[in-house]
Amino acid sequence: MMDWCRRVRSYWSSGSRTGYVMVAPAVMVLLIFNIIPLFASFGISMLDVNVLFNNPKFVGFQNYLEAFGTPRFWNSLKNTFVFTFLEVPCQMVIGLALAAVLTRNKWVNKLFRSIYFLPIICSATAVGIMWQLILNSNIGYVSWLLRSIGLPRISFLKDPEIAMYTVIFMSVWRSFGISTIIFVAGMQEVPAELYESADLDGAGKLREFFSITLPGIIPTIYFVLITRLIGSMQVFDLIFVTTGGGPNFRTETMVNYIYSRAFSSDTRLGYATAMSECLFAIILIISIMFYNRMLKDEQA
């Protein structure tokens, strides 16, 4: 027994094998909570089954065909793209502008970085309830302010024409802080010698930003872009708390629709999982496109 233990110890003590031992726990977590569920969800998408798995029936790709033929699916997909391609640029532009101002490690800058980062550590539920109260057409502060200057009340979360833009505003307010902090970290890595040379050449702050700062943080910009795209296309909690996907499904995104089909009174887990697979494929394709573009820009 002792000889067997020594052989095992000597086998795994070599430098080339120790690394495998160190990463084994992380690989197991990834396998159990990511890889296996990914393949399992694809299998569930082939079934007609509810959340209790009562009487599962194999239907093949019927759930996918049904989703592609459902107007509500395409509406939720459109809303997801509208939300993503308005919310992500807004918070990135705000994050870049603030990061350019708060790059230096002065105590005032550190204070404002902390303030801007606070909303991201709050739950989306709390943020949604707070903005519901602020924007309430009867008791909200914004409605009171509008009435005080002679303007009519506005139902920000119930008007089909502006509900989506209101949700986008709330999401940007909550998330721009994380983009700001990441951009600050990227800007602080740009060599100071470049700015000193630009000052000697008489370049202004705006020219320095576009000629030195932006080119120097291209990898950071791509990182924020890809991660925020992934997060925005999976938005759920903020919309669920504030509008529930309404009014008239104008703010219902893919994840909200998936949730409603999986856990409504007519629970159709297989159908909801099929739509989850579609969303996964869309996010994967978009992420690969931007990642390949990032690699090409870095090699150029």
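Okay, let's start with the aromatics: F236, F240, Y259 and F263 come together as one aromatic cluster. Keep in mind that this is a predicted model.

Across the structure there are 16 aromatic pairs. Take F236 and F240: their ring centres are 5.1 Å apart and the planes sit at 25 degrees, so we call that pair stacked. The cut-off there is under 30 degrees. Then there's Y259 with F263, at 5.2 Å centre to centre but with 45 degrees between the planes, and that makes a tilted pair. Both of those residues belong to helix α13, residues 254–263, and they're four residues apart, about one turn of the helix.

So how accessible are these rings? F240 comes out partly exposed, at 42% relative accessibility. Y259 is partly exposed too, at 34%. F263 has a relative accessible area of 53%, so it counts as exposed, given that the exposed class begins over 50%.

One more ring to look at, this time with a charge: R268 puts its charged end over the ring of Y271, 4.7 Å from the ring centre.

Okay, on to empty space. How many cavities of 30 Å³ or more does a search of the whole structure find? Just one. The largest cavity holds about 40 Å³ of space. Its lining is I226, L229, I230, M233, I283, I286, S287 and F290. The elements giving two or more residues to that lining are α11 (218–233) and α14 (269–299). And what's the character of the lining residues? Seven are nonpolar, one is polar, and none is charged.

That's my tour, happy to pull any of it up on screen.

Conventions. Residues numbered from 1 in each chain as written. Predicted model: local features only at pLDDT ≥ 70, side-chain atom pairs only at ≥ 80, totals over all residues. Heavy atoms only, no water. Phe/Tyr/Trp six-rings, centres within 6.5 Å; stacked < 30°, edge-to-face > 60°. Buried < 20%, exposed > 50% of the residue type's maximum accessible area, 1.4 Å probe, protein only. Lys NZ or Arg CZ within 6 Å of the ring centre and 35° of its normal. 1 Å grid on protein atoms, 1.4 Å probe; cavity = no way out; pocket = protein on both sides within 12 Å on 5 of 7 lines; lining within 4 Å. Points joined across faces, edges and corners; volume = space filled by probe spheres on them. Nonpolar A, V, L, I, M, F, W, Y, C, P; charged D, E, K, R; others polar.
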